[in-house]
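Visitor: I am new to this structure and would like a close look at a single part. Could you take me to the place where the ligand sits?

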Amino acid sequence: MPADLIQAAREARDRAIAPYSRFKVGAALELAGGTIVAGCNIENATYGLTICAERVAIFKALSEGHRDFLRIAIVADTVQPTPPCGACRQVLWEFAGNLEIVLANLEHETGRHRLADLLPLPFDQRLLR
Ligand code: THU
């Protein structure tokens, strides 16, 4: 399944709207039933309103009623792995918990992680009670 997921992230990356950074990213979330929901980064001339591929993917999935996430593949055209930014880690943690994260470039997989390892000591709703 990671191969299909990575392929979906690569295809989403082709739809990235990144005229300012020219750094295109694709992300694909695998749901518990096997469905894949993908997203790409979408930039804005104000820069700060840019949204990363990972958040586009998870907000798409959430808005369609999905809640059970297994893993996410993230693809960029880099030799080094491109991991999710801090904001995306926080959002993924909120809605997907200890997700498996599969990193890849246009040729091959570049790494696998658990979100808890990338976001140690997270702030979350447990602290608000
Ligand atoms: N970006 C993502 O979409 N995901 C990442 O994991 C890293 C960064 C986007 C945001 C911006 O459009 C561009 O890549 C450069 O930071």
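Guide: Here is a walk around the ligand and the residues beside it. Please keep in mind that this is a predicted model, where local features need pLDDT of at least 70 and side-chain atom pairs count only at pLDDT 80 or more, while totals for chains, interfaces and linings use all residues. Residues are numbered from 1 along each chain as its sequence is written, and side-chain values use heavy atoms, with hydrogens and water left out.

The ligand takes up the space of the largest pocket. A pocket here is an open set of points on a 1 Å grid over the protein atoms alone, where a 1.4 Å probe fits, with protein on both sides within 12 Å along at least five of seven lines; a molecule sits in one if more than half of its atoms lie within 2 Å of its grid points.

Around the ligand you will find S21, F23, V25, N41, E43, T50, C52, A53, E54, P83, P84 and C85, each with a heavy atom within 4 Å of it.

Some of these also make polar contacts, meaning pairs of N or O atoms within 3.5 Å. On E54, a polar side-chain atom is 2.6 Å from a ligand oxygen. N41 likewise brings a polar side-chain atom to 2.9 Å from an oxygen atom of the ligand. With P83 the polar atom belongs to the backbone, and it lies 3.3 Å from a ligand oxygen. Taken alone, the ligand exposes 380 Å², and the protein buries 80% of that, by the Shrake-Rupley method with a 1.4 Å probe.

Conventions
Polar contact = N/O pair within 3.5 Å; in protein donor to acceptor, adjacent residues only side chain to side chain. 1 Å grid on protein atoms, 1.4 Å probe; cavity = no way out; pocket = protein on both sides within 12 Å on 5 of 7 lines; lining within 4 Å.
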